Amino acid sequence: ARQFTRPLNDLANQFNTLLSAIAGAERVFDILDEEIEKDDQSNGEYFDIQGEVTFENVSFAYEEGEDQQTIHSVSFQALPGEVIALVGPTGAGKTTLINLITRFYDPDEGRILIDGVNIDKIGRSALRKQMAFVLQDTFLFQGTVMDNIRYGRLDATDEEIIEAAKLANADPFIQKLPDGYHTQIKHDGNGISHGQKQLLAIARAMLANPMILLLDEATSSIDTITELRIQEALSRLMKGRTTFVIAHRLNTIQHADQIIVLKDGEIIEKGTHHELLEKQEFYYEMQTQHYAVN
Ligand code: ADP
């Protein structure tokens, strides 16, 4: 999870710097997109997708000439609307897979396709418009709660934002803030709990309404009531979208359409919870010996 949040945090920092310098969020995003697209020869046109994601023999190393590839010959296909749980020990390559889907990095070998189109033909910003992230660390910028949710889709109306917040189970806590939706969030979102930040991230994702979702389930403790609210909002959000989840909760894993078990950058097992238990191999060992699934 560490590496994944790094590029995003860089964006968040740029964003904060720019926000203080320039008025008008739209302009900020134009500049950010230009930054992102600088090295990107592909066209960034908007396109409608179903959300099928295919990896074909994808290999990748962070450093050139590394002895061992970080991801080695990974192949799988996620059908539109499926939930794909990524599990495996720390350092197995789960976050790196997400980094490749989002084109924070490009594969050294093999291809990644969305609805049959190689993602290297899709501009980074156009690609990411099809995706929403709910990460362990949600970045909030200085501005109102409303602005922070609007980040999901800049042309959203206030009514649409409140609707998204309701769907995300964020409305009750927002209502209790001193100025409700107009409460100013201080730098780095202090005063907002970890769980509440996740609810805001879910609201953003609801508003963005993309076909592909990328989740990194929280490992840190969140109070039970907030946790229940998060789970309920997430299942609402995931409905009808292709979801990749770095899964830590057994419940999520058990209900996934496919579990991809990674070890040392390779897929060592793939299947549903029941299929993998029946095989009595690595996943079974992880479950029965109560290894942490991450
Ligand atoms: P996981 O998410 O399963 O814990 P990661 O995808 O984060 O695993 O990491 C896979 C491997 O790649 C690890 O050995 C990790 O140290 C390495 N790695 C991750 N990010 C970088 C990076 N930016 N540069 C070099 N190596 C990295």
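Gln136 is buried, at 14% relative accessible area. This residue sits in the loop between β6 (131-134) and β7 (143-144). A polar atom of the Gln136 side chain lies 3.2 Å from the backbone oxygen of Glu217. The model is predicted. Glu217 also lines the largest cavity, which leads to the other topics below: the cavity, the ligand site, helix α3, positive phi values and some C-alpha distances.

**The β6-β7 loop**

- Phe139, like Gln136, has its place in the loop between β6 and β7.
- Phe139 has a relative accessible area of 17%. The cut-off for buried is under 20%, so Phe139 counts as buried.
- Phe139 and Gly189 are 50 residues apart in sequence. Their C-alpha atoms are 7.7 Å apart in space.

**The cavity**

- How many cavities of 30 Å³ or more does the structure hold? There is 1.
- The volume of the largest cavity is about 90 Å³.
- Val134, Gln198, Leu215, Asp216, Glu217 and Ala218 are among the lining residues. Glu227, Ile230, Gln231, Leu234 and Arg249 also belong to the lining.
- Two elements each give two or more residues to this lining: β9 (212-216) and α9 (224-238).
- Helix α9 gives the most, with 4 residues.
- By class, the lining has 5 nonpolar, 2 polar and 4 charged residues.
- Glu217 ties this topic to the lead: Glu217 is in the lining, and its backbone oxygen is 3.2 Å from a polar side-chain atom of Gln136.

**The ligand site**

- Which residues are closest to the ligand? They are Gly91, Gly93, Lys94, Thr95 and Thr96, out of 13 that surround the ligand.
- A backbone N or O atom of Gly91 lies 2.7 Å from an oxygen atom of the ligand.
- For Ala92, a polar backbone atom is 3.2 Å from a ligand oxygen.
- For Gly93, the distance from a backbone N or O atom to a ligand oxygen is 3.0 Å.
- On its own, the ligand has 570 Å² of accessible area, and the protein covers 68% of that.
- The shell around the ligand divides into 5 nonpolar, 7 polar and 1 charged residues.
- Helix α3 supplies the largest share of the shell, 3 residues.

**Helix α3**

- α3 spans residues 94-101.
- How many of the residues of α3 are buried? The count is 8 of 8, and the helix is mostly covered.
- Lys94, Thr95 and Thr96 are among the buried residues of α3. These three residues also appear among the closest to the ligand.
- Leu97, Ile98, Asn99, Leu100 and Ile101 are buried in α3 too.

**Positive phi values**

- Most residues other than glycine have a negative phi.
- Arg103 departs from this, with a positive phi near 60°.
- Arg103 comes just after α3, in the loop that leads to β4 (109-114).
- Arg103 is buried, with a relative accessible area of 5%.
- Asp264 also has a positive phi, near 50°.
- Asp264 lies in the loop between β11 (258-263) and β12 (266-271).
- Is Asp264 buried, partly exposed or exposed? At 48% relative accessible area, Asp264 is partly exposed. The cut-off for exposed is over 50%.

**Other buried residues and C-alpha distances**

- Ala170 is in the loop between α6 (158-167) and α7 (171-176).
- The relative accessible area of Ala170 is 0%, so this residue is buried.
- Ala170 and Glu266 are 96 residues apart in sequence. In space, C-alpha to C-alpha, they are 38 Å apart.
- His273 lies in helix α11, which covers residues 273-279.
- His273 counts as buried, at 8% relative accessibility.
- His273 and Ile253 are 20 residues apart along the chain. Their C-alpha atoms are separated by 7.1 Å.

Conventions: Residues numbered from 1 in each chain as written. Predicted model: local features only at pLDDT ≥ 70, side-chain atom pairs only at ≥ 80, totals over all residues. Heavy atoms only, no water. Buried < 20%, exposed > 50% of the residue type's maximum accessible area, 1.4 Å probe, protein only. Near = heavy atom within 4 Å. Polar contact = N/O pair within 3.5 Å; in protein donor to acceptor, adjacent residues only side chain to side chain. Areas by Shrake-Rupley, 256 points an atom, 1.4 Å probe, with all protein chains shown as cover. Nonpolar A, V, L, I, M, F, W, Y, C, P; charged D, E, K, R; others polar. 1 Å grid on protein atoms, 1.4 Å probe; cavity = no way out; pocket = protein on both sides within 12 Å on 5 of 7 lines; lining within 4 Å. Points joined across faces, edges and corners; volume = space filled by probe spheres on them.
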